[in-house]
Amino acid sequence: EEDDVKHYGLVPSKLDGKIGFTDFLYTMADSEVIVRDGQVLPAREFLDGQTQQAVVLCLFHVPAMGETIVVELKMEVVGVRVVTSRKYTFYGFLGGDQREQARLAF
């Protein structure tokens, strides 16, 4: 059964209506190996030939402004190309001009 499939010791999870493997970015970016279930696995192979899409969510909070910003970076395999996109979601009190400045800062 597909629910029993593991990848790097992770079971599939549902996020935003899609099924995939969820982990912290630093697990792959800050180490050469990942140790799971007693196995030492190369971090650079976490994204493999079966990977169709990778999404990185970055959360920023500015207490002084009462603003939280979620930046979504998406990489998607389309044929032989990798297509990238980014999306900003603001939660708080910044006005339109201030939000545009924040967008440009990223």
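Start at the turn between two strands: V78 bridges to R81, which sits in β7. The model here is predicted. That pair belongs with a longer run of pairing, as eleven bridges tie β6 (residues 67-78) to β7, and these two strands run antiparallel.

**The sheet**
- β5, β6 and β7 make up an open three-stranded sheet in the order β5-β6-β7, paired antiparallel.
- The edges go to β5 (53-62) and β7 (81-91); each has a single partner strand, so one side of each has no neighbour in the sheet.
- Ignoring direction, neighbouring strands in this sheet are turned by 15° against each other on average.
- As a reminder, strands of a sheet pair through backbone hydrogen bonds.

**The helix on top of it**
- Helix α2, covering residues 96-105, lies across β6 and β7.
- Against β7, helix α2 runs at about 145°.

**The whole chain**
- Count up the elements and you get two helices and seven strands.
- Reading from the N terminus, the order is β-β-α-β-β-β-β-β-α.
- The radius of gyration is 17 Å, well over the 13 Å the globule rule gives for 106 residues, so the protein is more spread out than a compact globule.
- Along the principal axes, the C-alpha atoms fill a box of roughly 50 × 35 × 30 Å.

**Burial, surface and contacts**
- Buried residues account for 18% of the 106 in the protein.
- About 8400 Å² is exposed, and 54% of that comes from carbon and sulfur atoms.
- Take the contacts between residues at least 6 apart in sequence: 27% of them join residues at least 24 apart.

Conventions:
Residues numbered from 1 in each chain as written. Predicted model: local features only at pLDDT ≥ 70, side-chain atom pairs only at ≥ 80, totals over all residues. Heavy atoms only, no water. Pairing = 2+ DSSP bridges. Helix = DSSP H or I, 4+ residues; strand = E, 2+ residues; numbered from the N terminus. Axes fitted to C-alpha atoms, helices over the stretch in contact; angles between N-to-C directions. Contact = heavy atoms within 4.5 Å. Rg over C-alpha atoms; globule rule 2.2 N^0.38 Å. Buried < 20%, exposed > 50% of the residue type's maximum accessible area, 1.4 Å probe, protein only. Areas by Shrake-Rupley, 256 points an atom, 1.4 Å probe, with all protein chains shown as cover.
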